[in-house]
Amino acid sequence: MDAAMMETSLSIPLPLAVENAFFESPQYLMGNVVFTFLGANMAAPVRNTYESDSEVDSGSENDFGTSQLGTKEYWEDAYKKELETFKDIGDVGEIWFGEESMSRVLKWMEKATIPEDAAILDIGTGNGAFLVELAKNGYKNLTGIDYSQASVEMAKSVIQAEGLAHVKVKEVDFCSGGLEGYDVCVDKGTFDAISLNPDNTSEGKRLYVQALKDSLKDQGFFSITSCNWTKEQLLERFNEGFKFVQELPTPRFQFGGKTGNSVTALIFQRVH
């Protein structure tokens with residue numbers, strides 16, 4: 001990949017099951033992102049936007065097709081494999097959206113002067129990599145949740161190996177609710193996965209928004225990173241009970257004469 005391409009695209013390491021798809025087809029569609037195979041362990045999204053009508057931008061329930069990436073079974077299988085690898089060779093596995101996705105959120109938290117003792121919830125923690133980075137940056141009140149038992153076991157193993165006894169990881173389905181009192185909630189791909197679920201997609205998205213409202217304190221912050229949703233669609237989805245704060249810079253590219261973002265990263269604030 002040359003320097004110009006690196007400036008305008010984002011390389012995202014994908015779980016093994018997704019990687020294998022590229023050997024059968026040069027492209028893979030996740031939501032409205034087309035990933036193009038670049039090598040044995042890397043893929044780059046070459047499109048993140050389409051010419052949507054007002055119905056789509058207003059949060060239509062027919063935004064895009066469903067996918068196995070929206071099922072609990074897919075993530076259980078993926079993290080079981082990652083856990084086996086971690087136990088064998090100590091490899092923590094893939095970081096969804098890449099390390100830069102964590103760096104941009106951490107930079108925003110520093111600029112926003114989020115206190116080190118702020119209650120922070122990592123929604124869909126996966127392998128717990130972001131919790132580790134938060135702890136290394138001085139944050140002390142950290143909780144990660146995931147509905148995948150294998151993910152939780154994986155995250156706990158990684159955190160234990162890092163000696164971070166104060167970091168909590170729980171097996172919780174975020175959409176089931178029951179969480180409250182958080183100053184910051186962070187989502188890197190969980191809302192995307194919910195949006196791709198073949199079963200009760202509309203209800204899942206509604207429950208997610210309600211659970212987010214319940215989880216955050218008044219004036220608490222919500223950071224979301226998405227490769228399925230545009231800025232306009234996310235603003236529409238979280239227009240009730242939240243105030244848009246800012247968009248974080250993400251890689252840009254040109255496709256069909258138009259410029260777009262391969263990933264959308266936004267900050268919202270809870271308001272009553």
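Of the contacts in the protein between residues at least 6 apart in sequence, 73% join residues at least 24 apart. The model behind this and the other values is a predicted one. Its secondary structure consists of 10 helices and 12 strands. The protein has 272 residues, and buried residues make up 53% of them. Its accessible surface comes to about 12600 Å², and carbon and sulfur atoms account for 48% of that area.

The interior can be followed through its nonpolar cores. The largest nonpolar core contains 31 residues. Within this core, the residues with the most contacts are Trp108, Met109, Ile114, Ile120, Leu134, Tyr139 and Leu142. Two or more residues of the core come from each of the helices α5 (99–111), α6 (129–136) and α7 (149–161) and from each of the strands β7 (182–188) and β12 (264–270). The element that gives the most is α6, with 6 residues.

Leu134 serves as an example from this core. Apart from its neighbours within four places in sequence, Leu134 is in contact with Leu106, Met109, Ile120, Tyr139 and Leu142. Of the residues with the most contacts inside the core, Met109 and Ile120 are among those that Leu134 touches. A second core, separate from the one just described, has 24 residues. Leu121, Phe174, Ala211 and Leu216 are included in this second core.

Strand β12, one of the elements that contribute to the largest core, also holds Thr264. Is Thr264 buried or exposed? Thr264 has a relative accessible area of 3%, under the 20% limit, and therefore counts as buried. The side chain of Thr264 reaches the backbone oxygen of Trp229 at 3.0 Å. That distance is within the 3.5 Å cut-off for a polar contact.

Two residues are worth a look for their backbone angles. Thr113 has a phi near 50°, which is a positive value in a residue other than glycine. Thr113 sits in the loop between α5 and β4 (119–123). With a relative accessible area of 61%, over the 50% limit, Thr113 is therefore classed as exposed.

Gln219 also has a positive phi, near 75°, and is likewise a residue other than glycine. Where is Gln219 placed? Gln219 belongs to strand β8, which covers residues 216–226. Its relative accessibility is 39%, so Gln219 counts as partly exposed.

How values were computed. Residues are numbered from 1 along each chain as its sequence is written. This is a predicted model: local features need pLDDT of at least 70, side-chain atom pairs count only at pLDDT 80 or more; totals for chains, interfaces and linings use all residues. Side-chain values use heavy atoms; hydrogens and water are left out. Helices (H or I, at least four residues) and strands (E, at least two) are DSSP runs, numbered from the N terminus. Buried means under 20% relative accessible area, exposed over 50%, partly exposed in between (1.4 Å probe, protein chains only). Contact means heavy atoms within 4.5 Å. Accessible areas come from the Shrake-Rupley method with a 1.4 Å probe; for residues, only the protein chains shown count as cover. A nonpolar core is a set of buried Ala, Val, Leu, Ile, Met, Phe, Trp, Tyr and Cys residues joined through side-chain atoms within 4.5 Å. A polar contact is a pair of N or O atoms within 3.5 Å; within protein, one must be able to donate a hydrogen and the other to accept it, and residues adjacent in sequence count only if both atoms are side-chain atoms.
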